[in-house]
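Open the model in your viewer and keep the sequence at hand. The stops below go from one selection to the next.

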Amino acid sequence: SVTRATLDLSRLEGIECVEPVYAIRSIGPERAVAAPLPAATRTASLPFDDPGLAKQWHYSNDGSMPDAVAGADINLFRAWEVTAGSNDVVVAVVDGGIDYAHEDLIGNVGNWAELYGEEGVDDDGNGYVDDIYGWNFIYSSAYPYGSNKITPMEHGTHVAGTIAAVNNNGRGVCGIAGGRNGAGGVKIMSCQIFGDPDKRSYPTEDAFRYAADNGALICQCSYGYSY
């Protein structure tokens, strides 16, 4: 058993730490969202015009919504006074694929060298052809090394929006680092490890290596374990 193997290894001379590697699984939207967002609107003035911001109590909670506790938030409005994100920062979403065509994300996704390059050519020379929006690390007989074909999934798109939904564009919600005035947010890179029809996960080390080698400074990882 994993427990016995961990114990036996930990007793060996020269072994400092033993940790099991469990299979990971995506936490779907039904797990990530406990209840529907309340219909009440915020009374306080808001820094951006995105219609969903009034319901994003976890960003700044003034206690005016039903069952709300004032101050139970991440104090984001104060952070936005310092910065709302920068195009110089790339965040890798190691999760299900993101919907890169989503109207509230499209301004903050894309590898411009490949997007404006030649189809079928590795324009940026990183060993991945046409990786415009990242890479799909789900391997199959058709794609033994993964694929540039990102499959949009709800959870991957949801967390990408929390990070970088475009701010102040009059649409959807706000991203923590979504920029200002419809531009200037962090760039999102999709590193897809979920989405296999058999619900298997795929080795995350490849995704992390790709993310680091291609300029990501942060990896977003919101998944749990099967044990």
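Begin with helix H6, residues 204-213, in this predicted model. Helix H6 lies across S2, S3, S6 and S7, and runs at about 165 degrees to S6.

Next, select those four strands together. They form an open sheet in the order S3-S6-S2-S7, with parallel pairing. Strand S3 (134-136) and strand S7 (216-220) stand at the edges; each has a single partner strand, so one side of each is left without a neighbour in the sheet. On average, neighbouring strands here are turned by 20 degrees against each other, direction ignored.

Add helix H5, residues 154-164, to the view. Helix H5 packs on the sheet and touches S2, strand S6 (187-194) and S7. The direction of H5 makes about 160 degrees with that of S2.

Now go through the sheet pair by pair.

- Select S2 (residues 90-96) and S7: the two pair in the parallel sense over four bridges. Val90 stands opposite Ala216 in S7.
- Select S2 and S6: this parallel pair has seven bridges. Ala92 has Met189 in S6 as its bridge partner.
- Select S3 and S6: three bridges join these strands, which run parallel. Trp135 stands opposite Cys191 in S6.

Stay on S6 and colour by accessibility. How many of the eight residues of S6 are buried? Eight of the eight are, so strand S6 is largely enclosed by the rest of the structure.

Move to Asp130, in the loop between helix H4 (112-115) and S3. Which side chain of opposite charge is nearest to Asp130? It is Lys149, 8.0 Å away; Asp130 is buried yet has no salt bridge. Show the surroundings of Asp130: leaving out residues up to four places away in sequence, Asp130 touches Glu114, Glu118, Glu119, Gly120, Val121, Asp123 and Asn148.

Finally, colour the chain by pLDDT. The protein chain averages 87, and 88% of the residues score at least 70. Among the elements of the chain, H5 has the highest mean pLDDT, 96, and helix H2 (residues 29-32) the lowest, 45. Select residues 30-41 as the last stop: pLDDT stays under 50 over this stretch, for which the model has 12 contacts beyond four places in sequence.

How values were computed. Residues numbered from 1 in each chain as written. Predicted model: local features only at pLDDT ≥ 70, side-chain atom pairs only at ≥ 80, totals over all residues. Heavy atoms only, no water. Pairing = 2+ DSSP bridges. Axes fitted to C-alpha atoms, helices over the stretch in contact; angles between N-to-C directions. Contact = heavy atoms within 4.5 Å. pLDDT = per-residue confidence, 0-100. Buried < 20%, exposed > 50% of the residue type's maximum accessible area, 1.4 Å probe, protein only. Lys, Arg positive; Asp, Glu negative; His and termini not counted. Salt bridge = Lys/Arg side-chain N within 4 Å of Asp/Glu carboxyl O.
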